[in-house]
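Colleague: I am new to this structure and would love a guided tour. Could you show me how to read its features, one at a time?

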Amino acid sequence: MTIEWDFILRIFAAGLLGGMIGFEREMRAKEAGIRTHFVVALGSALFMVISQFAFEGNYDRARVAAQVVSGIGFIGAGVIIFQKNAVRGVTTAAGLWVAAAIGLASGAGMYTVSIAATLMTIICLEAMHFITHKVGEKILTVTIFSVENDRLSSIIEAIKNMEADIHLLTVTGSEATFDLHVKHRLYLSTVEKILSMTKGLKVEIS
């Protein structure tokens, strides 16, 4: 019975640590949150426990754990989205991969390593979010529908006078699409200015 409680502690610790990473992702409104990271870490720990203790005899104990490492790629691929020439979800996919590794370590009884890996992952995610928000750039894809050439020219000129760079400008008939590179800290104000200067027109910003 003591051994069984030790197994339960291992998978619970794994789920808890994975859930901590998932909490950070959920606060950022990412594709995979607490539940996904919790279940991935817990499942990985359970696989590790099964690999180590469920089979008797002379066998390779790392075989089940190795399948977790490769198998988690399918879940990670599911949260990666390619939309409008931009790839999103890679960091969250990497977070799931780390959660699986933390689960394996916790399932092996390596609690100190599991906790350290969790803290380092969260610190990295939070620190990079702070740095990116301060000095990083965000790419906005702007599409303006049914716009005349004269008004489009004035809009483009006004945008160029803002703290933003226009890339990949495409004009098809009365529809114009371009990518706008702006500082993260100026994201909301830039969107407001674009909406203000395109009043009366249909605009999509993503």
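Modeller: Gladly, and let us begin with a pair of residues in a helix. Arg10 and Asp6 are four residues apart in helix H1, so about one helical turn separates them. Please keep in mind throughout that this is a predicted model.

Colleague: What do the side chains of Arg10 and Asp6 form?

Modeller: The general idea is that side chains of opposite charge can pair when their charged atoms come close. Here the side chains of Arg10 and Asp6 meet in a salt bridge, with 3.1 Å from N to O. Arg10 has 10% relative accessibility and therefore counts as buried, while Asp6, at 26%, counts as partly exposed.

Colleague: How many salt bridges does a search of the whole structure find?

Modeller: The search finds two. Besides the pair we just discussed, Arg25 forms a salt bridge with Glu24, and their closest N and O atoms are 2.8 Å apart. Both Arg25 and Glu24 are buried.

Colleague: Arg10 makes me curious about its surroundings. Which residue of helix H4 should I look at next?

Modeller: Try Ser106, which has its place in helix H4. Leaving out residues up to four places away in sequence, Ser106 touches Arg10, Ala13, Ala14, Tyr111 and Ser114.

Colleague: Why does Ser106 count as buried?

Modeller: Buried means under 20% relative accessible area. Ser106 has 0% relative accessibility, so it counts as buried.

Colleague: Now for the nonpolar interior. Which residues touch the most other members of the largest nonpolar core?

Modeller: A nonpolar core is read as a set of buried residues joined through their side-chain atoms. The largest one here has 18 residues, and Val40, Val79, Leu96, Ala100 and Leu104 touch the most other members. The elements that give two or more residues to this core are helix H1 (2-27), helix H2 (34-53), helix H3 (63-79) and helix H4 (90-107). Apart from it lies another core, of 17 residues, including Met162, Phe178, Val182 and Leu201.

Colleague: Let us zoom in on one member. Which residues is Val40 in contact with, leaving aside neighbours within four places in sequence?

Modeller: Val40 is in contact with Ile72, Ile75, Leu96, Ala99 and Ala100.

Colleague: And Trp97: is it buried or exposed?

Modeller: Trp97 lies in helix H4. Its relative accessible area is 54%, so Trp97 is exposed. With neighbours within four places in sequence set aside, Trp97 is in contact with Val69 and Ile72. It is also a good place to compare sequence with space: Trp97 and Ser70 are 27 residues apart in sequence, and their C-alpha atoms are 9.5 Å apart.

Colleague: What about nonpolar residues on the outside? Which residues make the nonpolar surface patch of about 450 Å²?

Modeller: The patch is made by Phe23, Met27, Ile34, Phe38 and Val39. The elements giving two or more residues to this patch are H1 and H2, and H2 gives the most, with three residues. One of the patch residues, Phe38, lies in helix H2. Phe38 has a relative accessible area of 30%, so it is partly exposed.

Colleague: Let us leave the helices. How many bridges join strand S4 to strand S5?

Modeller: Seven bridges join strand S4 (residues 164-172) to strand S5 (residues 175-183), and the two strands run antiparallel. To follow one bridge, start at His167, whose partner in S5 is Asp179. The hairpin of S4 and S5 has two residues between the strands, and Gly173 in this hairpin takes a positive phi near 65 degrees.

Colleague: How should I read the sign of phi? Which residue of strand S4 deserves a look?

Modeller: As a general guide, most residues other than glycine have a negative phi. Leu168, which lies in strand S4, is a residue other than glycine with a positive phi, near 55 degrees. Its relative accessible area is 63%, so Leu168 is exposed.

Colleague: Where is Ser146 placed?

Modeller: Ser146 sits in the loop between strand S3 (137-145) and helix H6 (149-160). Although Ser146 is not a glycine, it has a positive phi of about 50 degrees. At 58% relative accessibility, Ser146 counts as exposed.

Technical notes. Residues are numbered from 1 along each chain as its sequence is written. This is a predicted model: local features need pLDDT of at least 70, side-chain atom pairs count only at pLDDT 80 or more; totals for chains, interfaces and linings use all residues. Side-chain values use heavy atoms; hydrogens and water are left out. A nonpolar core is a set of buried Ala, Val, Leu, Ile, Met, Phe, Trp, Tyr and Cys residues joined through side-chain atoms within 4.5 Å. Buried means under 20% relative accessible area, exposed over 50%, partly exposed in between (1.4 Å probe, protein chains only). Contact means heavy atoms within 4.5 Å. Patches are made of residues with over 30% relative accessible area and no salt bridge: like charges are joined within 9 Å, nonpolar side chains (Val, Leu, Ile, Met, Phe, Trp, Tyr) within 5 Å. Accessible areas come from the Shrake-Rupley method with a 1.4 Å probe; for residues, only the protein chains shown count as cover. A salt bridge is a side-chain nitrogen of Lys or Arg within 4 Å of a carboxyl oxygen of Asp or Glu. Two strands pair if DSSP finds at least two bridges between them.
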